[in-house]
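Trainee: Could we go through this one together? I keep meeting words that sound simple, and I'd like to know what stands behind them.
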Amino acid sequence: AHKVKKTITESTKTEKGVKVGAFSVEKNDEDRYDIIDSRSDSVLFEDIQLYESVCCIANYLNEGKPINSPEITNIIKLNDSFERNYTVAIKHSYQVAKRAVNEGRMDIAQARFSQAKDSASHAKRKISHLYEDIIL
């Protein structure tokens, strides 16, 4: 854990993002994040919405963990759950609820919105806790 904390404090701001050890976290054109291996200039992960997720992944990679390690796989699964539920909550259910003329359909859409929002929040809290464990 000390090595990870040291790596984070040694991160360097770059033109496109932040270099953390041997990896770069860069914001792409869609305001999402990519992780690039600075040694080979290859993209390892792309289009990740949460900054906390990419920081955790970059630090696990700097620890020498492989891309398919349980730690990185867990972050990817949590991030996927967040993104999927966030998208459902914001882009689908809420819009349906606003447009629904039928009160019954509106109630169902609002319930789906609330459920997706809660699931997204739960996934983000888990990622945030992992992020805090790494940087604190």
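Mentor: Sure, let's start with "buried": it means under 20% relative accessible area, while exposed is over 50% and partly exposed lies in between (1.4 Å probe, protein chains only). Of the 136 residues in the protein, 39% are buried. Keep in mind that this is a predicted model, where local features need pLDDT of at least 70, side-chain atom pairs count only at pLDDT 80 or more, and totals for chains, interfaces and linings use all residues. Residues are numbered from 1 along each chain as its sequence is written, and side-chain values use heavy atoms, with hydrogens and water left out.

Trainee: Why is Phe 82 called buried?

Mentor: Its relative accessible area is 6%, and the cut-off is under 20%, so Phe 82 counts as buried.

Trainee: And what makes Tyr 86 partly exposed?

Mentor: Tyr 86 comes out at 36%, which falls between the two limits, so partly exposed is the right label.

Trainee: How many aromatic pairs are there?

Mentor: Rings of Phe, Tyr and Trp (its six-membered ring) pair if their centres lie within 6.5 Å; planes under 30 degrees apart are stacked, over 60 edge-to-face, and the rest tilted. That rule gives two aromatic pairs.

Trainee: Why is the pair of Phe 82 and Tyr 86 called stacked?

Mentor: Their ring centres are 5.3 Å apart and the planes meet at 25°, so the pair passes both tests and is stacked. Both residues sit in helix 3 (residues 70-99), four residues apart, about one turn of the helix. Helices here are DSSP runs (H or I, at least four residues), numbered from the N terminus.

Terms used:
Helix = DSSP H or I, 4+ residues; strand = E, 2+ residues; numbered from the N terminus.
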